[in-house]
Amino acid sequence: RYILLQFVGVKDAKGRDVYEGDIVVARYGKKNQKGHPCIVDWREGLAGFHPFAGSRINNERWEVIGNIYESKDLLK
(Lines give C-alpha, C1' and ligand atoms only; values in the text may rest on other atoms or scores of the structure.)
Protein backbone atom coordinates (compact mmCIF):
# COMPACT_ATOMS: atom_id res chain seq x y z
CA ARG A 1 0.00 0.00 0.00
CA TYR A 2 2.79 2.43 0.79
CA ILE A 3 5.76 3.40 -1.33
CA LEU A 4 8.83 4.24 0.74
CA LEU A 5 11.31 6.52 -0.98
CA GLN A 6 15.02 6.68 -0.21
CA PHE A 7 16.48 10.06 0.79
CA VAL A 8 19.45 10.66 -1.55
CA GLY A 9 21.46 12.82 0.83
CA VAL A 10 21.07 16.22 -0.84
CA LYS A 11 18.72 19.19 -0.67
CA ASP A 12 17.41 21.16 -3.62
CA ALA A 13 17.70 24.90 -4.29
CA LYS A 14 14.81 25.60 -1.92
CA GLY A 15 16.23 23.48 0.90
CA ARG A 16 13.88 20.51 0.41
CA ASP A 17 15.13 16.95 0.81
CA VAL A 18 15.51 15.07 -2.48
CA TYR A 19 14.19 11.48 -2.65
CA GLU A 20 14.45 8.63 -5.13
CA GLY A 21 11.62 9.03 -7.63
CA ASP A 22 11.58 12.82 -7.45
CA ILE A 23 11.53 14.78 -10.69
CA VAL A 24 14.11 17.56 -10.70
CA VAL A 25 15.18 20.29 -13.10
CA ALA A 26 18.47 22.16 -13.17
CA ARG A 27 18.72 25.89 -13.67
CA TYR A 28 21.40 27.18 -16.03
CA GLY A 29 23.04 30.45 -16.92
CA LYS A 30 22.58 33.98 -15.72
CA LYS A 31 18.90 33.94 -16.70
CA ASN A 32 18.27 30.87 -14.52
CA GLN A 33 16.74 28.91 -17.42
CA LYS A 34 15.23 25.50 -16.64
CA GLY A 35 16.73 22.36 -18.15
CA HIS A 36 14.91 19.14 -18.98
CA PRO A 37 13.17 17.21 -16.18
CA CYS A 38 15.18 14.32 -14.78
CA ILE A 39 14.13 11.41 -12.54
CA VAL A 40 16.25 10.81 -9.46
CA ASP A 41 17.11 7.10 -9.44
CA TRP A 42 19.83 4.71 -8.30
CA ARG A 43 22.50 3.91 -10.88
CA GLU A 44 24.58 0.86 -10.10
CA GLY A 45 27.36 1.93 -12.48
CA LEU A 46 27.71 5.25 -10.65
CA ALA A 47 27.21 3.68 -7.21
CA GLY A 48 24.90 6.57 -6.43
CA PHE A 49 21.78 8.49 -7.30
CA HIS A 50 21.51 9.97 -10.79
CA PRO A 51 21.88 12.91 -11.51
CA PHE A 52 23.94 13.66 -8.38
CA ALA A 53 26.45 10.78 -8.26
CA GLY A 54 29.77 10.80 -10.04
CA SER A 55 29.73 14.45 -10.97
CA ARG A 56 30.45 17.92 -9.68
CA ILE A 57 26.87 19.10 -9.86
CA ASN A 58 26.00 22.10 -7.72
CA ASN A 59 22.92 20.83 -5.84
CA GLU A 60 21.79 24.40 -5.26
CA ARG A 61 20.88 24.65 -8.96
CA TRP A 62 18.47 21.68 -8.83
CA GLU A 63 14.82 22.05 -7.92
CA VAL A 64 12.28 19.33 -7.12
CA ILE A 65 9.19 19.87 -9.27
CA GLY A 66 7.30 16.65 -8.47
CA ASN A 67 7.69 12.89 -8.32
CA ILE A 68 6.99 9.93 -10.58
CA TYR A 69 4.00 8.80 -8.52
CA GLU A 70 2.04 12.05 -8.46
CA SER A 71 3.39 14.10 -11.40
CA LYS A 72 4.05 11.78 -14.37
CA ASP A 73 2.81 14.50 -16.74
CA LEU A 74 5.96 16.53 -16.00
CA LEU A 75 8.03 13.99 -17.95
CA LYS A 76 6.29 14.59 -21.29
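## A chat about an all-strand chain

Reader: Happy to start at the surface: which residues make the nonpolar surface patch of about 280 Å²?

Author: Do keep in mind that this is a predicted model. The patch covers about 280 Å², and one of its members, Tyr69, sits in the segment after strand 8. The residues that make the patch are Ile3, Leu5 and Tyr69.

Reader: Is Tyr69 buried, partly exposed or exposed?

Author: Buried means under 20% relative accessible area and exposed means over 50%. Tyr69 has 44% relative accessibility, which falls between those limits, so Tyr69 counts as partly exposed.

Reader: And Ser71, is that residue buried or exposed?

Author: Like Tyr69, Ser71 has its place in the segment after strand 8. Its relative accessible area is 14%, and the limit for buried is under 20%, so Ser71 is buried.

Reader: Leaving aside neighbours within four places in sequence, which residues is Ser71 in contact with?

Author: Strand 3 spans 22-28 and strand 8 spans 62-67. One contact of Ser71 falls in the first of these ranges and another in the second. The two residues are Ile23 and Gly66.

Reader: Let's go inside: which elements give two or more residues to the largest nonpolar core?

Author: The core has eleven residues in all, including Val8, Val10, Val24, Ala26, Trp62 and Val64. Val8 and Val10 belong to strand 1, residues 7-11. The elements that give two or more residues are strand 1, strand 3 and strand 8.

Reader: Phe52 is in that core too. How far apart in space are Phe52 and Val10, C-alpha to C-alpha?

Author: Phe52 lies in the loop between strand 7 (48-50) and strand 8. The residue is buried, with a relative accessible area of 13%. Phe52 and Val10 are 42 residues apart in sequence, yet their C-alpha distance in space is 8.5 Å.

Reader: What is the bridge partner of Phe7 in strand 2?

Author: Strand 1 and strand 2 (residues 17-19) run antiparallel and are joined by two bridges. Their hairpin has five residues between the strands, and there Gly15 takes a positive phi near 85°. Across in strand 2, the partner of Phe7 is Tyr19.

Reader: Stepping back, how many strands does the chain have?

Author: From the N terminus on, the elements run β-β-β-β-β-β-β-β. The secondary structure comes to zero helices, and the number of strands is eight.

Reader: Last one: what share of the residues counts as buried?

Author: The accessible surface of the chain comes to about 5,700 Å², with 49% belonging to carbon and sulfur atoms. Of the 76 residues, the buried share is 32%.

Terms used. Residues are numbered from 1 along each chain as its sequence is written. This is a predicted model: local features need pLDDT of at least 70, side-chain atom pairs count only at pLDDT 80 or more; totals for chains, interfaces and linings use all residues. Side-chain values use heavy atoms; hydrogens and water are left out. Two strands pair if DSSP finds at least two bridges between them. Helices (H or I, at least four residues) and strands (E, at least two) are DSSP runs, numbered from the N terminus. A nonpolar core is a set of buried Ala, Val, Leu, Ile, Met, Phe, Trp, Tyr and Cys residues joined through side-chain atoms within 4.5 Å. Buried means under 20% relative accessible area, exposed over 50%, partly exposed in between (1.4 Å probe, protein chains only). Contact means heavy atoms within 4.5 Å. Patches are made of residues with over 30% relative accessible area and no salt bridge: like charges are joined within 9 Å, nonpolar side chains (Val, Leu, Ile, Met, Phe, Trp, Tyr) within 5 Å. Accessible areas come from the Shrake-Rupley method with a 1.4 Å probe; for residues, only the protein chains shown count as cover. A salt bridge is a side-chain nitrogen of Lys or Arg within 4 Å of a carboxyl oxygen of Asp or Glu.
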